[in-house]
Amino acid sequence: MKILIVEDDTMLGELLQECLQRLGHERVRACLSGREAMIAFNEEAFDCAFVDLRLPDTDGLQLLTAIKDQDHGLPVVMMSGFPTMDYTIMAMRQGASDFLTKPFTLQDVALTLQRITKERQLLEQNISLRLEVQARKELEHVNQKLASTVSEQTRLFHISREIDEIRSSEDLYPRIVQLASSLQSVEKVVFYLAPRDSGSLVGMAGCGCLPEEPWFQKIAVNEDRVRQLLAGGETHVLVAPEEIRQIFENPPPTDQTLSCWPMRIRGEPFGLLVAFHRNCSRALSAEETRLFDFLIKKSSLAVENMALYESLISNFYGILRSLVNALEAKDLYTGKHSERVTLYAIRAAEILGCSSAQLESLRTAGYLHDIGKIGIQDRILTKPGPLTAEEYEIVKKHPVIGDSIVSELGLSPEERSIIRHHHERWDGAGYPDGLSSTQIPMLARIVSVADAFDAMTSKRAYRQAMSTDESVAELLKNRGRQFEPDIVDAFVDVVKKMGRDGDKSK
Ligand SMILES: [Fe+2]
């Protein structure tokens, strides 16, 4: 140990120094006064101090206080020739570690040092325990923080995955409100669309409420307030219960706080997500705000991507439709063939009880069923007479060419099957794959009848158009051979309903 002795009696000081050195403590510095002692303290650090109770310039107890102020953990041994009980108690209260009565023996000094060493060990153990407890607390805190971060990241991942899986805009808004309602303790969530140049918002999807409720259908009372909500501040706007009447024409019966989250595409608001909080006075926590913010940004991006994709696809369909028009315009006899086939097919499909998705598929792909004819030479397509066997073989390639043209378009398998299989026959003698009966996809079977009927009732360069009755008779003749019987029956109904020349315009 490095020891400081503060003793004005030189002889005693030297005696103590000698004792300490004998006990193996070589590093000893002796001072004669309190002032000298404080200078020594400022110059270097000590492991222990022996202080005389009476010093020429100060009281030993005062020096003890000064030392403890500077280094609270330093063991200080007070020395006195006449230690009274009061003094001893006071010294102990002020943090003295031990008392050494003068004159002292080597053994007294040894015992004191033993006690101090033990005290130091205890103190060190205490400090190390305290550090351990503190480290444990810090670790616990870090663990809690980590668990909370992992949980938040998991929820973010879940939101991200759910939104990435959405394929159509019809599914998007219901999914957004569903995700929002699972994020925090909200009772209801509604997504309102903000039509351009309109001061009102229209409810599109909700969770925890009925679509018939008037407040769900529209937000409209104050256009300025609606604009403020769409501006949205940093991320969202909180609406207190007493303010609700300012934004709803027919306010919901609630004392809840609302949080309103504008959704934007390139800075332009297109909708508002409104969450009704369960607890009316509750502001959002930082984590909830982050999660909501992420959901809004991710959904807005998904809406933008979907709108872009749908517009691209719609443009592409537009181009294909133009190609079909151009193709049909070349032939005086086949003008608007695809349009009529689509119309007949949809009518028949309605009678046959097809779903709205199937009708939509017919609407999309019916028009494109002959798109593959783009790949057939004009001289064959517009030949003013019957085709040779060789030419007919070339024409028969158009379903496969059409299927390959639309293969990258994102059409559903059912839609593509209309293009590929509309020349298959119920008895298996058709092309390109020779499918028969129910192997032929349903919508292709319908288009096949509509296609044949329109071909029969259309004029050709080499023959007159057949009458409706003759064409119907022909369909019935091929019922169960070229065509599915039930579809022929439904089609005959369509023809009857549409009249002799129906909606046809040639
Ligand atoms: Fe065809």
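1. Domain bounds, as used here, come from an automatic or database domain assignment. On that basis the protein is divided into domain 1 (3-125), domain 2 (169-309) and domain 3 (331-498). The model is predicted.

2. How far apart do the C-alpha centres of domain 1 and domain 3 lie? The distance between these two centres is 112 Å.

3. One open sheet has six strands, in the order β8-β7-β6-β11-β10-β9, and the pairing is antiparallel. Its edge strands are β8 (218-219) and β9 (237-239), since each of them pairs on one side only. As background, strands of a sheet pair through backbone hydrogen bonds, either parallel or antiparallel.

4. Within this sheet, look at β6 and β11, which are adjacent in the strand order. Strand β6 covers residues 186-193 and strand β11 covers residues 268-277; they run antiparallel and are joined by seven bridges. To follow the pairing by residue, start at Y192: its bridge partner in β11 is L272.

5. Helix α16 spans residues 442-456 and contains I446. Is I446 buried or exposed? A residue is buried if 20 or more other C-beta atoms lie within 10 Å of its own. I446 has 29 C-beta neighbours inside 10 Å, so I446 counts as buried.

6. Which residues does I446 touch, leaving aside those up to four places away in sequence? They are A345, A348, A349 and I487.

7. A last distance concerns I446 and L291. The two are 155 residues apart in sequence, and their C-alpha atoms are 49 Å apart in space.

How values were computed:
Residues numbered from 1 in each chain as written. Predicted model: local features only at pLDDT ≥ 70, side-chain atom pairs only at ≥ 80, totals over all residues. Pairing = 2+ DSSP bridges. Helix = DSSP H or I, 4+ residues; strand = E, 2+ residues; numbered from the N terminus. Buried ≥ 20, exposed ≤ 12 C-beta atoms within 10 Å, placed from the backbone. Contact = placed C-beta atoms within 7 Å.
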